[in-house]
Amino acid sequence: MALLTYKDARPWARSIRDEVGDGAMPPWHADPKHGRFANDRSLSPADKETLTKWANGGAPEGDPQDLPPAPAFTDGWTIGAPDLVLSMPEPYTVPADGFVEYEYIEIPTNLKEDRWVQAFEVRPGNRAVVHHVIATARAPQPERRPSAFRMGAEMSVPPGQTGGPAETEGQQRPKGLSRYPRPRAIGASIGGFAPGTAAHVYAPGTALLLRAGSAIVLQMHYTTSGSQQIDQSRIGLKFAPAPPIEELRIVALANGKLRIPPGDPDYSLSAEMTTTAAVTLRQILPHTHLRGKSWEYAAVYPDGRREVILSVPKYDFNWQTSYVFAEPLKMPKGTKIIAVAHYDNSAANKANPDPRKEVLWGDQTWEEMMFTSFVYSIDGVTPGAVITAAPGGGSR
Ligand code: HEM
């Protein structure tokens, strides 16, 4: 429904009061006690009170003279006109039922020179079946990029695109349709689309590197919907006019060893990583599936100080938010980041597809993940730098 005019909003007054009153709307899931975020959509207590009073007072129209101008919404790309639009080379047919493995669709960029990605957006071709898209950029020549994290020992899983093993021991997984299997190299992540998130606009002076001649690999997660559907998704990129001051990098933290017992109302799992250089942490995107219940991230600084940097007490799979720090966090070398996820595999979790199942890591929504994507920059490293000597290890 639209809430643009009085006429639009009036019939929803009671529902608005209830949704706003219990914090379900506007959707925002970070605990305000920890951290401040640039993309915080929540309302101030005063705004909440105004809406509640209005609804309880019979939702009057008020004086039309006082009406502020209607907000202008962008039609089309929310990042503005992209400098480059890349489309899946051909339409993909999603069958009516069954399930589809992640498909990996390659698009050449034909870029003649290196570019800096300032904004990124996925336009799903068919929202009924496009569940998520993760775009990576594979440079024509493999190269070692500086890295700034050492992963914790518990994470000794072969890191697949989504951080976990393709198949956990003891997991007998049926195979879904697969027309475009994962290529040997997919490159570094440049952005994605998931329920609740489609566009990424990075702060001025910060951008992601896209090498000349790169190929974009789109990891497509299609979900069947009961009728055959066609999709041809696109991505839009806006480039920074000049090299940034800070190069953005994306690192994934995951623990693929999850094994959630049937019916367990509060299974928890942690993962940690430690900085091997001074970094500036800019964004955190927590990701679990339908049994995900809450997330908490703490930083333990080299001087022993511990700080909760993000808490998502009521994680909601339908609202996958990348939490953008209003003031990016400075983390000296030797800072540990500890992520803890909780899961509810009981029948009390209304979103639970099957509380009788033991749940292991897997790509599909009825399986689980313990995955976080962080956007950061390494302090004092020239944007575009390549490692020529001593290794750092890890992903970019
Ligand atoms: C003050 C701001 C907002 C108000 C008053 C509001 C109000 C509401 C209400 C009353 C409903 C329930 C409709 C029903 O009963 O069927 C709803 C649902 C919904 N709203 Fe909002 N909303 C706000 C902000 C937002 C924003 C910013 C977004 C998107 C970013 C959003 C996306 C949705 C979606 C997707 C649903 C349906 C699914 C769900 O309930 O989660 N809303 N909203």
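Six bridges join β14 to β23, and the two strands run antiparallel. Within this pairing, Ala 252 has Ser 373 of β23 as its bridge partner. The model discussed here is a predicted one. The two strands belong to an open sheet of four, ordered β14-β23-β17-β20, in which the pairing is antiparallel. Strands β14 (249-254) and β20 (323-331) stand at the edges with a single partner strand each, so one side of each is left without a neighbour in the sheet. On average, neighbouring strands of this sheet are turned by 30° against each other, direction ignored.

The chain continues beyond β23 (371-378) into a segment that contains Thr 382. Thr 382 has a relative accessible area of 57% and is exposed, since the cut-off for that class is over 50%. Thr 382 and Pro 243 are 139 residues apart along the chain, and their C-alpha atoms are separated by 9.9 Å.

A second open sheet has five strands, in the order β6-β16-β21-β18-β19, and here too the pairing is antiparallel. Its edges are formed by β6 (149-151) and β19 (306-312); each has a single partner strand, so one side of each is left without a neighbour in the sheet. The twist from one strand to the next averages 20°.

Two of the pairings in this five-stranded sheet can be followed in detail. Strand β16, residues 267-275, pairs with strand β21, residues 336-343, in the antiparallel sense over eight bridges. One point of reference is Leu 269, whose bridge partner in β21 is Ala 341. Towards the β19 edge, strand β18 (residues 292-300) pairs with β19 over six bridges, again in the antiparallel sense. In this pairing Trp 295 stands opposite Val 312 of β19. The two strands form a hairpin with five residues between them. Gly 304, in the turn, has a positive phi of about 95°.

Is β19 enclosed or open, given its place at the edge of the sheet? Five of its seven residues are buried, so β19 is largely enclosed by the rest of the structure.

Strand β10 (residues 215-222) is also mostly covered, with eight of its eight residues buried. In a regular strand the side chains alternate between the two faces of the sheet. For β10, one side carries Ala 215, Val 217, Gln 219 and His 221, and the other carries Ile 216, Leu 218, Met 220 and Tyr 222. The residues on both sides are all buried, so both faces of β10 are covered.

Strand β10 pairs with β3 and with β5. Strand β3 (residues 103-108) is joined to β10 by six bridges in the antiparallel sense, and Pro 108 has Ala 215 as its bridge partner there. Eight bridges join β10 to strand β5 (residues 130-138), which also runs antiparallel to β10. In that pairing Thr 136 stands opposite Val 217.

The next topic is empty space. Rolling a probe the size of a water molecule over the atoms shows where empty space is left. The structure holds one cavity of 30 Å³ or more, and the largest cavity has a volume of about 30 Å³. Val 312, the residue opposite Trp 295 in the hairpin, is one of the residues lining this cavity. The others are His 29, Pro 286, Tyr 315, Asp 316, Trp 319, Gln 320, Thr 321 and Tyr 323. By class, the lining has five nonpolar, three polar and one charged residues.

The second largest pocket contains about 970 Å³ of space. It is lined by 28 residues, and Leu 3, Leu 4, Thr 5, Tyr 6 and Ala 9 lie nearest its centre. Helices α1 (6-9), α2 (13-21) and α3 (45-56) each supply at least two residues of the lining. Of the elements involved, α2 gives the most, with four residues. The lining divides into 20 nonpolar, four polar and four charged residues.

The ligand is surrounded by 13 residues, and the closest are Met 1, Ser 15, Glu 19, Met 25 and Pro 27. This shell divides into ten nonpolar, one polar and two charged residues.

Methods
Residues are numbered from 1 along each chain as its sequence is written. This is a predicted model: local features need pLDDT of at least 70, side-chain atom pairs count only at pLDDT 80 or more; totals for chains, interfaces and linings use all residues. Side-chain values use heavy atoms; hydrogens and water are left out. On a 1 Å grid over the protein atoms alone, a cavity is a set of points where a 1.4 Å probe fits but cannot get out, and a pocket is an open set with protein on both sides within 12 Å along at least five of seven lines; lining residues have an atom within 4 Å of a point. Grid points are joined across faces, edges and corners, and a volume is the space filled by probe spheres set on the points. Ala, Val, Leu, Ile, Met, Phe, Trp, Tyr, Cys and Pro count as nonpolar, Asp, Glu, Lys and Arg as charged, and the others, Gly among them, as polar. A residue is near a molecule or strand if one of its heavy atoms lies within 4 Å of it. Two strands pair if DSSP finds at least two bridges between them. Axes are lines fitted to C-alpha atoms, for helices over the stretch in contact, and angles run from 0 to 180 degrees between N-to-C directions. Buried means under 20% relative accessible area, exposed over 50%, partly exposed in between (1.4 Å probe, protein chains only).
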